[in-house]
Amino acid sequence: MSKKVLVLSASPRKGGNSDLLCDQFMLGANEAGNQTEKIFLRDKKIGYCTGCESCYSSHNCVQKDDMAEILEKMINAEVIVMATPVYFYTMNAQMKTLIDRTVPKYQEITGKEFYFIVAAADSSEQAMERTLDGFRGFTFCLNDAKEKGVVYGVGAWHKGDIKGSAAMKQAFEMGKNI
């Protein structure tokens with residue numbers, strides 16, 4: 001059965017290591033007959049949450065940017081892939097900003113399957129746990145979120161270092177098997 005897959009790529013570089021892993025995941029998911037869409041956060045205008053609390057009653061953000069559209073896509077997707085390069089052992093600012101801005105409608109992001117993709121220069125998967133804790137903190141706040149898999153793109157410092165790695169095959173297979 002075909003699923004709607006939304007890939008959120010927080011790489012600031014098109015063709016960066018985490019972005020290449022997203023593409024592999026999508027190739028696998030498409031090969032299996034799923035519908036995929038990738039949102040490249042770098043191309044979107046997403047302001048920081050200002051903590052104004054307006055969304056608590058209205059369930060809409062007062063900021064007029066691209067986040068409302070992204071939130072609707074998250075609500076409508078069945079599978080959400082969140083991908084980030086790892087900066088100083090945590091997710092980058094683009095991904096954290098997106099997560100913070102889900103507040104107006106996070107309670108509507110229900111019953112989703114989540115996959116996480118991390119890419120880092122460090123070669124230790126264990127060292128990526130801080131980043132994954134951030135993703136898990138987000139999904140812990142969602143109703144019936146299910147973590148389905150993690151792609152560890154470790155040992156990739158420079159753009160393109162991930163090419164030919166085991167993580168590329170893992171991302172493809174994970175996408176194929178959703």
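How many residues does helix α1 (residues 17–31) have, and what distance does it reach from its first C-alpha to its last? The legends below answer this and introduce the rest of a predicted model.

**Figure 1. A look along helix α1.** Helix α1 has 15 residues, and from its first C-alpha to its last it reaches 21 Å. That is close to the 21 Å expected at 1.5 Å a residue. Once you have followed the helix through, look just past its end: there Gly-33 takes a positive phi of about 90°.

**Figure 2. The cover around α1.** Is this helix mostly covered, or mostly open? It is mostly covered, with 11 of its 15 residues buried. Among them are the neighbours Asn-17, Ser-18, Asp-19, Leu-20, Leu-21 and Cys-22. Further along, Gln-24, Phe-25, Met-26, Gly-28 and Ala-29 are buried too. Which elements should you look for around these residues? The cover includes the strands β1 (4–9), β2 (35–40), β3 (79–87), β5 (113–119) and β6 (146–153). Helix α6 (166–176) also belongs to what covers the buried residues of α1.

**Figure 3. The whole protein, for orientation.** Step back for a moment and you will find six helices and six strands. Starting at the N terminus, the elements follow the order β-α-β-α-α-β-β-α-β-α-β-α. The C-alpha trace spans about 50 × 40 × 25 Å along its principal axes. A compact globule of 178 residues would have a radius of gyration near 16 Å, and the 15 Å found for this protein agrees with that. Buried residues make up 47% of the 178. If you take the contacts between residues at least 6 apart in sequence, 79% join residues at least 24 apart.

**Figure 4. The outside and its charges.** The protein exposes about 8800 Å², and carbon and sulfur atoms supply 50% of this area. As for charge, there are 22 positive and 22 negative side chains. The centres of these two sets lie 3 Å apart.

**Figure 5. Cys-61 and its contacts.** You can find Cys-61 in the loop between α2 and α3. Cys-61 has a relative accessible area of 25%, so it counts as partly exposed. Which residues does Cys-61 touch, leaving aside its neighbours within four places in sequence? Cys-61 is in contact with Arg-101 and Pro-104. Along the sequence, Cys-61 and Arg-101 are 40 residues apart, yet in space their C-alpha atoms are 8.2 Å apart.

**Figure 6. Two residues with a positive phi.** His-59 is not a glycine, but its phi is positive, at about 60°. His-59 sits in the loop between α2 (55–58) and α3 (67–76). With a relative accessible area of 36%, His-59 is partly exposed. Tyr-89 is another residue other than glycine with a positive phi, here near 65°. To find Tyr-89, go to the loop between β3 and β4 (90–91). Tyr-89 is partly exposed as well, with a relative accessible area of 34%.

**Figure 7. Asp-100 in helix α4.** Asp-100 is part of helix α4, which covers residues 93–100. Is Asp-100 buried, partly exposed or exposed? Its relative accessibility is 29%, so Asp-100 counts as partly exposed. Cys-141 makes a useful second landmark here: from Asp-100 to Cys-141 is 41 residues in sequence and 12 Å in space, C-alpha to C-alpha.

Note on methods
Residues numbered from 1 in each chain as written. Predicted model: local features only at pLDDT ≥ 70, side-chain atom pairs only at ≥ 80, totals over all residues. Heavy atoms only, no water. Helix = DSSP H or I, 4+ residues; strand = E, 2+ residues; numbered from the N terminus. Rg over C-alpha atoms; globule rule 2.2 N^0.38 Å. Buried < 20%, exposed > 50% of the residue type's maximum accessible area, 1.4 Å probe, protein only. Contact = heavy atoms within 4.5 Å. Areas by Shrake-Rupley, 256 points an atom, 1.4 Å probe, with all protein chains shown as cover. Lys, Arg positive; Asp, Glu negative; His and termini not counted. Charge placed at Lys NZ, Arg CZ, Asp CG, Glu CD. Expected span 1.5 Å × (residues − 1).
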